[in-house]
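I opened this model to make notes on its chains, one topic at a time. The entries below follow the order in which I looked things up.

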Amino acid sequence: MRTYIAKRIGISVIILFCVTFIIYGLMRSLPASYVETMAMQLSQAPGAKPYEEWLAQLNAQYGLDLPVPIGYVTWLGDFLTGNFGDSWKFNVPVITEFTNTIGISFVMGGLAFVFSTIIAVPLGILAATHQYSKSDYIISAVALAGISLPTFFFATLLKLVFSVGLGWFDLYGLMGRDYAQLDAFGQALDIVNHMVMPVVTLTVIQIGSLMRYTRTNMLEVLNADYIRTARTKGLPEHKVIYKHAFRNTLIPLVTVIGGSLPGLFSGALITETLFMIPGTGYTSYQAMTAGDIPYTMFFLTFIAIITLLSNLLTDILYAVVDPRVRIS
Amino acid sequence: MSDSKNGTPAEKNDDQQQYSLNDDRRVKVLSPGALIAKRFFRNRLAVVGLVILVAMFLFSFVGGLVSPYGQDQTFSTLTKLNTQYAGITETTTRRYTAAEGADFGALVQAKANSAISEGATSFERDGVVYTIEQPAPDLYTFTSGGSVVAYASSYVVSVPAGMTAPSFDFQIAAITAISNAAAAGDTAADAPEVDESGAVVVDSTEETEDAAAEAAEAEAAGNTFEADGVSYTFDEAGNVMDASGETVAMVSPFVISASDGNTVIPDDLREALLTAVDADASEVVYTDADGAEHTYSISYDAYSKVYNVTETTENLVYDRYASPSLEHWLGTDGNGMDMLTRLMYGGRVSLIIGFIVVFIAAGLGVIMGGISGYFGGWVDNLIMRIVDIFYCLPSMPIIIILGSAMDAMRLDPWIRMIYLMLILGFLSWPSIARLVRGQILSLREQEFMLATEATGISVPHRIIRHLIPNVMPQLIVSCTMSLGSTIITEATLSFLGLGVKFPFASWGNIISDVNNAFVMTNYWFIWIPAGICLLLAVLGFNFVGDGLRDAFDPKMNR
């Protein structure tokens, strides 16, 4: 087990180097990046140096005159020593901007995660235990519809109904315009109010796949021989389902749910952008479209680490939860 | 593939009595394909999905042919637009005009003002003595050193466009005459009349007396003056004409300035506008010399003390955001294009992009996964590490970065669409490679592969003829499901403005109109149908994929 984990971590580190190198090379070789835009602006000021001179100066200043491999090694050295650089777009250290925004993303992701688990797992079990019934059909159709629903369309529908139609929530943002005048309790309520629609969107988007996953795994377990044995023993149906079937269904469920936990830190890029929630997702979207290399590199590296961590966690959890599985 | 337990549904023939009990013909045997089809069509959701897909394809591919409009055909409509025509300012304070070369600065003007209000006949400033005279009720002249250096009046002398500025003496003479005439209440020339509805109606085409006659008439009424040795006549509205009847200057407390330097305001229109301002009429209907009718409305802006004259014209504009009608069943979009047609072509783009992307991904995936699974060893290891790297690459951020880079490069929309397909396809092959590899790894160990090896079939033949067909079911299911997700990805990108660009329509960029909150609130017909199409198409692919999976693999229980 220990050697397995060590080997996996070793491979993950190598993969991480490759991934960061690819992303770095990509960011560096893009035309018309942040620096070009800035040089263009600066050169248009009255009495300014020509564009080429500004470009050369800015490239030297930001370390973009180095060839990509050397630039990558420099970046890597900085990154490993904890120097993440300053964000070009936000004019603050990358780590400051990140710590400012990660909290709200995590809270939103966590809420959506809890809600979707609470709703999806029981419904998935219901569908599996009543296979081919009307409720099964409805749940399956809803699950597939949830997977098929484009985030932006659902979010816009929510906005139309609840913001424009009913006026319950604001269209965008995390705080109302009178936020500063409210007391602490009112401010908390205001933020909760603004988070309702994004969290609902995230929940609905996530619910479908989890529901289907639960149902498929539950069905697999229900067809197993030991369930038939339990039934022939004359156990009551609820005992068969909740004691024998559900516990075994929990194995893949816990694995998948546990594996998705690190993902809570990565923020919801599309949903946050749609609702202009100042979380990591929206911030990184702005940074990416502006060509802000330090922030984008930091964020994408962070995401890559999170992804690798999730995979590792899934595999380890699988072995921990199910003693039958032996990792080789 | 074919599981004997589920694969032999002992369907009873209607005419089973004809056969003996142990006759084989009593058992209806279905081919594997027919079995799959039968299982597929028994699944209600899958059938619904298939119907949706067929409908979507007909809508997108046949609809575009049936629709009478093109995808970027714009429609126009006539709209009444108010354009600023002229502004009329009434001078309420005295304006000072100095003679050429004379110095009559603001400080002297202030002194002059107070002298006038005190009723003094002269004042002194900087050692210069100015004598004030009042030749007309609204005209003061200032004489210094024997010559008139300036005058003050609320009348303003202006010239028709293209004429030289009148001389100082002419100005004084004209203002004197007109101010005197106005004070006397003279109504020599006939002014346009205000009709019952409060509108001033002027028709330039009407047979009017020729200019010379008009001048003569004014002369007869005694509205004449002489300046610089030439005699001029003037009418009530303050038009000063020379002997030939041509207007050389306008003298009036009102200053009319056209809002556009190229516009020449005709004399009769000017008269009409002034009359309307006098009479508080708010509308002037004017028929110009060519017989075209113009309607001007006058509104007073108390803040800037200007009468604004706006002309109401019928303009041909793009029919933006028109409501659904018989002509346009789903109205028109922000560019005046037919929404339903855009929706059809958008579906075409979305579906084609989905298919090409999945085709690229499946091609790459099958080749890489096939090589990896069949050969194993270091090749397998290498390819799987590459797959791992691709899995770890955050695809959405990368697509967004590339999309904004393509924005910056200002790529042609068509080239951009091709790049988009290549990028999406290249980023999604690893999952298919993994699937194919897994299948081939297990198939490789089975007896039929041993048989192919024993019979000496070549390696490419073994892979293509014996392994790939066995991977097909999983491949088809996976491709159908990823078609749905690819369409969503493309739509999301287009929604963010980083995918398919105008003039091409795609369901995503049609919905992106809602970034304008006004469109979202007021024009549901722009984005709701596109969203429903998108949802239905993806739902159709997922239903069919799901149904296919169950049909291919009966052990999975749907």
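**Entry 1: a run of strands in chain B**

I began with a bridge: Asp301(B) stands opposite Val306(B) in E16(B). I note at once that the model is predicted. The strands concerned are E15(B) and strand E16 (residues 306-318) of chain B, which run antiparallel and are joined by seven bridges. Their hairpin has four residues between the strands, and in it Lys305(B) takes a positive phi near 55 degrees.

I then went back along the chain. Strand E14 (residues 283-287) of chain B pairs with strand E15 (residues 293-301) of chain B over five bridges, in the antiparallel sense. I looked up the partner of Thr287(B) in E15(B) and found Glu293(B). This hairpin has five residues between the strands, and Gly291(B) in it has a positive phi near 90 degrees.

**Entry 2: the sheet from E2 to E3**

Next I looked up an open sheet of five strands in chain B, with the order E2-E6-E5-E4-E3 and antiparallel pairing. Which strands stand at its edges? They are strand E2 (95-98) and strand E3 (122-125) of chain B; each has a single partner strand, so one side of each is left without a neighbour in the sheet. On average, neighbouring strands of this sheet are turned by 30 degrees against each other, direction ignored.

Inside the order, I checked strand E4 (residues 128-136) and strand E5 (residues 139-144) of chain B, which pair in the antiparallel sense over four bridges. Ala136(B) has Leu139(B) as its bridge partner in E5(B). Helix H4 (residues 106-118) of chain B packs on the sheet and touches E2, E3, E4, E5 and strand E6 (147-153) of chain B. The direction of H4 makes about 150 degrees with that of E3(B). H5(B) lies across E2, E4, E5 and E6 of chain B, and runs at about 45 degrees to E4(B).

**Entry 3: the sheet from E7 to E9**

I followed H5 to another set of strands. Helix H5 (residues 168-183) of chain B lies across E7, E9, E10, E11 and strand E12 (247-252) of chain B, at about 160 degrees to E9(B). Five strands form an open sheet here in the order E7-E12-E11-E10-E9 (chain B), with antiparallel pairing. Strand E7 (156-158) and strand E9 (224-227) of chain B are at the edges with a single partner strand each, so one side of each has no neighbour in the sheet. The average turn between neighbouring strands of this sheet is 30 degrees, direction ignored.

Strand E10 (residues 230-234) and strand E11 (residues 239-241) of chain B run antiparallel and are joined by two bridges. Thr233(B) stands opposite Met241(B) in E11(B). In the loop between E10 and E11 of chain B I found Asp235(B). Is Asp235(B) buried or exposed? It counts as buried, because it has 25 C-beta neighbours inside 10 Å, and the cut-off for buried is 20 or more. I also took a distance: the C-alpha atoms of Asp235(B) and Ala152(B) are separated by 22 Å, the two residues being 83 residues apart along the chain.

**Entry 4: two helices of chain B**

I compared helix H8 (residues 339-375) of chain B with its expected span. At 1.5 Å a residue its 37 residues should span 54 Å, and the end C-alpha atoms are 53 Å apart, which agrees. Of these 37 residues 26 are buried, so H8(B) is largely enclosed by the rest of the structure. After H8(B) comes Gly376(B), with a positive phi near 65 degrees.

Helix H17 (residues 524-552) of chain B has 29 residues and reaches 41 Å from its first C-alpha to its last, close to the 42 Å expected. In H17(B) 23 of the 29 residues are buried, so this helix too is largely enclosed by the rest of the structure.

**Entry 5: chain A and its contact**

Last, I turned to chain A, which has 13 helices and zero strands. Its radius of gyration is 25 Å, well over the 20 Å that the globule rule gives for 328 residues, so chain A is more spread out than a compact globule. Of those 328 residues, 35% count as buried.

How many residues does each chain give to the contact? Chain A gives 40 residues and chain B gives 35 residues. The elements of chain A that give two or more residues to this side include helix H1 (2-29) and helix H13 (293-321). The residues on the chain A side divide into 29 nonpolar, 10 polar and one charged.

Definitions and conventions: Residues numbered from 1 in each chain as written. Chains lettered and ligands numbered in written order. Predicted model: local features only at pLDDT ≥ 70, side-chain atom pairs only at ≥ 80, totals over all residues. Rg over C-alpha atoms; globule rule 2.2 N^0.38 Å. Buried ≥ 20, exposed ≤ 12 C-beta atoms within 10 Å, placed from the backbone. Pairing = 2+ DSSP bridges. Axes fitted to C-alpha atoms, helices over the stretch in contact; angles between N-to-C directions. Contact = placed C-beta atoms within 7 Å. Nonpolar A, V, L, I, M, F, W, Y, C, P; charged D, E, K, R; others polar. Expected span 1.5 Å × (residues − 1).
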